[in-house]
Amino acid sequence: MMHDRQGRPMTMGELEPQIGEPDTTRISTGNEGLDDILGGGLDSDRVYLYEGRPGTGKTTLALQFLLAGARKGERTLYITLSESKRELEVVARRHGWSLDNIDVFELVSPEAILDPAREQTVLHPAEMELNETTQNVFDRVREFNPTRVVLDSLSEVRLLAQSPLRYRRQILALKHFFTGRRCTVVLLDDLSSAENDLQLHSISHGVVLLEQLAIDYGAERRRLRVVKMRGIKFRGGFHDFTIETGGLAIYPRLVAAEHHKPFAGDFTPSGNTELDTLLGGGLERGTNALLIGGAGVGKSSLALTYAVTAAARGEHTVIFAFDEGRGTINARASTIGLPLQEAVDSGKVRIQQIDPAEVSPGGFAHLVRQAVEVGDARIVVIDSLNGYLNAMPDGRFLILQMHELLSYLSQLGVLTILILAQHGLVGPMDTPLDISYLSDAVVMLRYFEADGTVRRALSVVKKRSGNHEHTIREFKLTPTGISVGQPLTQFTGIFTGTPRYIGEKEPLLAEGADDKHGHH
């Protein structure tokens, strides 16, 4: 039972906010991602502004807002000064929506008047005074008495006003009209004016900016930012989004501090005793390991070993493949005797191919979150960071985004295996980005020379948690998996980038018929 300020019980009628006292309950924007960014949605009975250049997705987002109201049985109204109802219906149909429960009131172009098939009265803005246009809007709102209104778009009002002063007066008139009504309003503006309209920002309770960025190669990138939101704590910064069938897929920027889950920091076995010994017992859950080395040295094969071993234990692994197709990955696994296909068929290992030209960093972070939170992945493999780097139109923020993603995975007890290919095969190798300081463990794989043959070596350069061997061990890719040899001590030329083994032959792995398999 609710009580008023005097302490007497209140009836349901009194609980409802009175006109002139806006209801501060939150309502959905109709978009799950935007609701997440705003921590629950919009305050009701306020005026909001969605701004962005044409093609950024404002109309789609505004329709989602009205459809959310219509689903709850609310009266909703779309006032359009720029698009006809027919054009809106085309947009809706492409998303699989129906506008049957949304009232559409149009003030459109003169060509529409020439269409004899039109039954609706069409008001042409250029033939009326601006005041008449706004009066028409007010009359229609009074007639329908909707709880949600979209006005598309203010650039048309700006054109009609012809002077900034008249335009501002009209906007203020709109604001005052809606203030006394139980109605949440979304104004759309396509930023057609030369200067940013700060007056519009100041009268709006909240402002959402939508952007479309053209990059040199690949699909355009879209992102969204909440510029202001009075009295609502929102997640700041830019959030990537895409326009899908069914509306805007908005990927809220990942904030690792919001995600915690208790877990035991035990070792994740690799399935190879010597490798676990080299790693001082193995890789712990909630840490990340960077596998670094030249092309073809065996980084991906090592990561696949972890995935298949985890599947045998009944754990889920997801492999994000930026560089290779499933066929190549399966071929590599069968060459070293790993039953990868079996693990994929059982659903324990999932290979997700990522096209770097199509996926934004925010979109990728969302895929990782889904794999962990919905797919219960305990190991995440990113193969490779070079591909992820290419997915970034702006490389400056790659490290920051990677840090947030790794922190998030760490706090949920996931083992992350990152693969980074160095440029060059022999000699001093160049690393495209320095991510080693973010890594809990760095395992270096490299080629070395002994008696005129090329072999492979493995060493742990860094491990934050616990001890590890500081030696170099030889390893081979054989038809029965990865084989790791004894620690080797007698090397020369390690720092020049061309290591040569000058010791006895004895510690080296025996050469056999399987050597020809080592080059896959």
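This passage describes the overall make-up of a predicted model, the packing of one pair of helices and the surroundings of two buried residues.

The structure is a predicted model, in which local features need pLDDT of at least 70 and side-chain atom pairs count only at pLDDT 80 or more, whereas totals for chains, interfaces and linings use all residues. Residues are numbered from 1 along each chain as its sequence is written, and side-chain values use heavy atoms, with hydrogens and water left out.

The chain contains 15 helices and 24 strands; these are DSSP runs numbered from the N terminus, helices being H or I of at least four residues and strands E of at least two. Of its 520 residues, 52% count as buried, that is, under 20% relative accessible area with a 1.4 Å probe and protein chains only. The exposed area of the chain is about 24400 Å², of which carbon and sulfur atoms supply 52% (Shrake-Rupley method, 1.4 Å probe). Among contacts (heavy atoms within 4.5 Å) between residues at least 6 apart in sequence, 68% join residues at least 24 apart.

Two packed helices are described by the angle between their axes and the distance between the axes. For helix α5 (residues 130-144) and helix α7 (residues 164-179), the axes come within 11 Å and cross at roughly 15°. Axes here are lines fitted to C-alpha atoms over the stretch in contact, and angles run from 0 to 180 degrees between N-to-C directions. The two helices, α5 and α7, are therefore roughly parallel to each other, a term applied to angles under 35 degrees. Leu130, Asn131, Thr134, Phe138, Val141 and Arg142 of α5 meet Arg166, Gln170, Ala173, Leu174, Phe177 and Phe178 of α7. By class, this contact of α5 with α7 comprises 7 nonpolar, 3 polar and 2 charged residues (Ala, Val, Leu, Ile, Met, Phe, Trp, Tyr, Cys and Pro count as nonpolar, Asp, Glu, Lys and Arg as charged, and the others, Gly among them, as polar).

Phe364 lies in helix α13 (residues 361-373) and counts as buried because its relative accessibility is 1%. Leaving aside residues up to four places away in sequence, Phe364 touches Phe320, Phe322, Ile354, Val359, Ile382, Tyr388 and Leu405. Of these, Ile354 is 10 residues from Phe364 in sequence, with a C-alpha to C-alpha separation of 8.4 Å.

Thr317 belongs to strand β15 (residues 316-321), and its relative accessibility of 2% means that Thr317 counts as buried. With residues up to four places away in sequence not counted, Thr317 touches Ala307, Ala310, Lys348, Val349, Arg350, Ile379 and Val381.

Methods:
Parallel < 35°, antiparallel > 145°, perpendicular 65-115°, else oblique. Buried < 20%, exposed > 50% of the residue type's maximum accessible area, 1.4 Å probe, protein only.
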